[in-house]
Amino acid sequence: MRRSVGAGAVAAATMLAAACGGSAEGTATAADAASESSSPSTSESAIAGQEGSDRGGRVDLDVEIGDCVRLGGTMDSATIAEAVCASEGSNYKVVAKAKDSEQCPSDVDQIYSESMFGSDVGVLCLDVDWVEGGCMSLPATNDDDPQRVDCDDPNASSVERVTEIIEGVSDPTVCPEGGFVYDERLFTVCAETVRA
């Protein structure tokens, strides 16, 4: 598996994976959002903007919209596995499925795709698995993925705590300390910096 990372507030991945009947090349692409706008997802309650559609395509991992995954690895050896939402092992939520990356909402945090002979065969559109009251350590570089952490962990850096998720609004100024905005799907994740 190979992973290449694109620019964005939260890193994106490109994957190479094997598929039935031949060699398959998987590609995950970062979904670019405005510098102040990227991330979010809550696992305990559904956010209307995260209830995307299944537009076909297939990936080797059997997940549905609303399921969570653990995306990790390196640029040359990426990994993806199903994870329990809001758990320590979860860092992304599947918000839509598609045949190619252009079908994902423009404001998702991550796109995991698998392709065969240079063409996409399946895509998972992913948001960070944010949970109200929970903390995530955001990546310092595009080579890393967000990690769920204990808010009091003195070893974690770039820690953000979700204070509120507001639907129908894509404006970080509605949050006391700013937040992450999903312009296309109209929701904002308010957050406070716990540790820089």
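Are cysteine 104 and cysteine 125 buried or exposed? Both of these cysteines are buried, where buried means under 20% relative accessible area, exposed means over 50%, and partly exposed lies in between, using a 1.4 Å probe and protein chains only.

Before going further, a word on the model. This is a predicted model, in which local features need pLDDT of at least 70, side-chain atom pairs count only at pLDDT 80 or more, and totals for chains, interfaces and linings use all residues. Residues are numbered from 1 along each chain as its sequence is written, and side-chain values use heavy atoms, with hydrogens and water left out.

## Disulfides

The structure holds 4 disulfides, a disulfide being a pair of cysteine sulfur atoms within 2.5 Å. With the bonded cysteines numbered in sequence order, the pairing reads 1-2, 3-4, 5-6, 7-8. Strands named below are DSSP runs (E, at least two residues), while helices would be H or I runs of at least four, numbered from the N terminus.

Cysteine 68 is bonded to cysteine 85, with 2.0 Å from S to S. This link is right-handed, with 100° about the S-S bond. Cysteine 68 sits in strand β3 and cysteine 85 in the loop between β4 (78–83) and β5, so the bond ties together parts that are 17 residues apart in sequence. The two ends differ in exposure class: cysteine 68 is buried at 1% relative accessible area, and cysteine 85 is partly exposed at 23%.

Now back to the pair from the opening. Cysteine 104 and cysteine 125 are joined at 1.9 Å, S to S. Their S-S torsion is about -80°, so this disulfide is left-handed. The bond links distant parts of the chain, with cysteine 104 in the loop between β5 and β6 (110–116) and cysteine 125 in strand β7, 21 residues apart.

Another disulfide connects cysteine 135 and cysteine 151 (S to S 2.0 Å). A torsion of about 105° makes it right-handed. Cysteine 135 belongs to strand β8 (residues 135–137) and cysteine 151 to the loop between β9 (147–149) and β10, so parts 16 residues apart in sequence are tied together. Both cysteine 135 and cysteine 151 are buried.

## Nonpolar cores

A nonpolar core here is a set of buried Ala, Val, Leu, Ile, Met, Phe, Trp, Tyr and Cys residues joined through side-chain atoms within 4.5 Å. The largest one has 23 residues, and Val69, Ile80, Tyr112, Leu124, Leu126, Trp130 and Val189 touch the most other members. Elements giving two or more residues to this core are β3 (68–73), β5 (92–98), β7 (119–128), β10 (159–167), β11 (179–182) and β12 (187–195). Apart from it lies another core of 8 residues, including Ala96, Val108, Ile111 and Cys125.

## Strand β6 and its hairpin

In a regular strand the side chains alternate between the two faces of the sheet. In β6, both faces are covered: Gln110, Tyr112, Glu114 and Met116 on one side, and Ile111, Ser113 and Ser115 on the other, are all buried. Strands β6 and β7 pair in the antiparallel sense over 7 bridges, where pairing requires at least two DSSP bridges between two strands. Methionine 116 stands opposite serine 119 in β7. The hairpin of β6 and β7 has 2 residues between the strands, and phenylalanine 117 takes a positive phi near 55° there.

## Salt bridges and arginine 185

The count comes to 5 salt bridges, each being a side-chain nitrogen of Lys or Arg within 4 Å of a carboxyl oxygen of Asp or Glu. Among them are these:

| Pair | Closest N to O |
|---|---|
| Arginine 185 and aspartate 107 | 2.7 Å |
| Arginine 148 and aspartate 129 | 2.7 Å |
| Arginine 161 and glutamate 192 | 2.7 Å |

Arginine 185 lies in the loop between β11 and β12, and aspartate 107 in the loop between β5 and β6, 78 residues apart. Arginine 185 is buried at 12% relative accessibility, as is aspartate 107 at 4%. Asp107, Asp127 and Arg185 are linked in a network of salt bridges. A polar atom of the arginine 185 side chain also lies 3.1 Å from the backbone oxygen of glycine 49.

For the other two pairs, arginine 148 is buried at 13% and aspartate 129 is buried at 0%. Arginine 161, in strand β10, and glutamate 192, in strand β12, are 31 residues apart. Both ends are partly exposed, arginine 161 at 25% and glutamate 192 at 23%.

Definitions and conventions. A polar contact is a pair of N or O atoms within 3.5 Å; within protein, one must be able to donate a hydrogen and the other to accept it, and residues adjacent in sequence count only if both atoms are side-chain atoms.
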